[in-house]
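Work through these exercises with the structure open beside you. Try each task before you read its solution.

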Amino acid sequence: FGTFDLNGGADFGGFTKREAIAMAAMQGMLASGGTFPCEKETQRFEIVAENSVKYADALLKALEQPQQ
């Protein structure tokens, strides 16, 4: 869903970088077949969604740091 050019630009199909990373994280979590223990099915959806955004935020924060 995203494209990159050789000059460092990116097009995420109308999504923000945060949204694109969160979607990729969510895909990975769901494709892994992992279990998400909770009492209700809707709680599982919320857990996956919240963790996807947390992964995106952590990656964006790490990318702000100077390279070592």
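## Exercise 1: the buried side of helix 1

Task: state which residues of helix 1 are buried, and where they pack.

Solution. This is a predicted model. Start with burial: Ala20, Ile21, Ala22, Ala25 and Met29 of helix 1 are buried. Next, recall the geometry. An α-helix has 3.6 residues a turn, so residues three or four places apart point the same way. Now look for the partner. The buried residues of helix 1 pack against helix 2, residues 41-64.

## Exercise 2: the length of helix 1

Task: compare the span of helix 1 with the expected span.

Solution. Helix 1 covers residues 17-31, which makes 15 residues. The expected span is 1.5 Å times one less than that number, and this comes to 21 Å. From first C-alpha to last, helix 1 reaches 21 Å, close to expectation. Then step past the end of the helix. Just after helix 1, Gly33 has a positive phi of about 75 degrees.

## Exercise 3: how the helices cross

Task: decide whether helix 1 is parallel, perpendicular or oblique to helix 2.

Solution. First take the axes: they come within 8 Å and cross at roughly 125 degrees. Angles of 65 to 115 degrees count as roughly perpendicular, and those over 145 as roughly antiparallel. The crossing angle fits neither range, so helix 1 is oblique to helix 2. Finally, add the hand: the crossing is right-handed.

Then list who meets whom. On the helix 1 side, the contact includes Lys17, Arg18, Met26 and Leu30. On the helix 2 side, Asn51, Tyr55, Asp57 and Leu60 are among them. Sort the residues of this contact by type: 13 are nonpolar, two polar and three charged.

## Exercise 4: two residues of helix 2

Task: find out whether Ser52 is buried or exposed, and which residues Ser52 touches.

Solution. Locate Ser52 in helix 2. Its relative accessibility is 1%, and buried means under 20%, so Ser52 counts as buried. Then check the contacts. Leaving out residues up to four places away in sequence, Ser52 touches Ala22, Ala25, Met26 and Met29.

Task: do the same for Val48, and give its C-alpha distance to Leu30.

Solution. Val48 also lies in helix 2. Its relative accessible area is 5%, so Val48 is buried. With residues up to four places away in sequence left out, Val48 touches Met26, Met29, Leu30 and Phe36. Last, the distance: Val48 and Leu30 are 18 residues apart in sequence, and their C-alpha atoms are 8.2 Å apart in space.

Methods. Residues are numbered from 1 along each chain as its sequence is written. This is a predicted model: local features need pLDDT of at least 70, side-chain atom pairs count only at pLDDT 80 or more; totals for chains, interfaces and linings use all residues. Side-chain values use heavy atoms; hydrogens and water are left out. Helices (H or I, at least four residues) and strands (E, at least two) are DSSP runs, numbered from the N terminus. Buried means under 20% relative accessible area, exposed over 50%, partly exposed in between (1.4 Å probe, protein chains only). Contact means heavy atoms within 4.5 Å. Axes are lines fitted to C-alpha atoms, for helices over the stretch in contact, and angles run from 0 to 180 degrees between N-to-C directions. Angles under 35 degrees count as roughly parallel, over 145 as roughly antiparallel, 65 to 115 as roughly perpendicular and the rest as oblique. A crossing is left-handed if the near helix is turned anticlockwise from the far one by less than a right angle, and right-handed if clockwise. Ala, Val, Leu, Ile, Met, Phe, Trp, Tyr, Cys and Pro count as nonpolar, Asp, Glu, Lys and Arg as charged, and the others, Gly among them, as polar.
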